[in-house]
Amino acid sequence: AVVSTQSTGYNDTGVVMTVIDEDGWEYTVPKETEFTFDNLKQVVEDIISGTIRGKPYKEEEPPVQKKRVKRVVSGTFREYVLNPDVHTLIEFYSPYCTHCKALIPTYNELASRAREEKGLVIAKMDATENSLPRPFESRGFPTIYFVPKGRSVRPIKFEGERTIEGFIEFMQRNTKEELKFVEPEEKYLRRDGALPSRSCN
């Protein structure tokens, strides 16, 4: 683990301690936690083990997967997003963001079209309830990354029109493999126009 500190008015020591583990998750010591030079090692171990509860915050229970789009939480991030055997398109969203809500039909249709491609996961994670590991970041919603197979340390941020064609072209351009897409199931078929590429800040 890597320990970093920064001077603030956080607590009586005037220091905030941040612990970054080997997977890139960032933990911040809760302000009520007392730490000194002598107990620093123990505090770090307690933070990472969960004895002291700080970031990364996460939903407690892994969600039941009922839809084509896989719902990810911090506890299942490695399984779905950092899996070296699959490509992953991951959306970080806020349930309160109107642009995220507008994207749902398109994203569902995309996942339906990718249902026969076993090497591709279409996923989403509520970034208001779960922390993101480095180098992922979400400064606005939705934020979307493509994680090519075996390249989890170098995710590629999506920039462009949030359309079926836009997503497919973006993923295909960033992998040497030919990804398979089929006609969507009727319930996921989108019949209206394209979405503007705007974000909620």
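This is a short walk through the structure above, from the whole chain to a few of its strands. Keep in mind that the model is predicted.

Let us begin with the overall picture. The protein chain has 4 helices and 8 strands. If you follow the chain from the N terminus, the elements come in the order β-β-β-α-β-α-β-α-β-β-β-α. Of the 201 residues in the protein chain, 48% are buried, where buried means under 20% relative accessible area. The accessible surface comes to about 11500 Å², and carbon and sulfur atoms provide 48% of that surface. The contacts tell us something about the fold too: among those with a separation of 6 or more, 62% link residues 24 or more positions apart.

Now find strand β5, which covers residues 87–93. How many of the residues of β5 are buried? The count is 7 of the 7, so the strand is largely enclosed by the rest of the structure. To see how this looks on each side, it helps to recall a general point. In a regular strand, side chains alternate between the two faces of the sheet. In β5, one side carries His87, Leu89, Glu91 and Tyr93, while Thr88, Ile90 and Phe92 lie on the other, and both faces are covered.

Which strands pair with β5? One partner is β6, residues 120–126, which runs parallel to β5 and is joined to it by 7 bridges. Within this pairing, histidine 87 has leucine 120 of β6 as its bridge partner. Between these two strands, look for helix α3, residues 98–113: together, β5, α3 and β6 form a right-handed β-α-β unit.

Another partner of β5 is β7, residues 143–147, and here the pairing is antiparallel, with 5 bridges. You can trace it residue by residue: leucine 89 has phenylalanine 146 as its bridge partner in β7, and isoleucine 90 stands opposite tyrosine 145.

Stay with β7 for a moment. Are its residues buried or exposed? In β7, 5 of the 5 residues are buried. Thr143, Tyr145 and Val147 point one way from the strand, and Ile144 and Phe146 point the other way.

From β7 we can take one more step, to strand β8 at residues 156–157. These two strands run antiparallel and are joined by 2 bridges. Here tyrosine 145 appears again, this time opposite lysine 157 in β8. Tyrosine 145 is therefore a handy landmark as you turn the model: it stands opposite isoleucine 90 of β5 and opposite lysine 157 of β8.

Technical notes
Residues are numbered from 1 along each chain as its sequence is written. This is a predicted model: local features need pLDDT of at least 70, side-chain atom pairs count only at pLDDT 80 or more; totals for chains, interfaces and linings use all residues. Side-chain values use heavy atoms; hydrogens and water are left out. Buried means under 20% relative accessible area, exposed over 50%, partly exposed in between (1.4 Å probe, protein chains only). Two strands pair if DSSP finds at least two bridges between them. A crossover is right-handed if, with the strands pointing away from the viewer, the path from the first strand over the helix to the second runs clockwise. Contact means heavy atoms within 4.5 Å. Accessible areas come from the Shrake-Rupley method with a 1.4 Å probe; for residues, only the protein chains shown count as cover.
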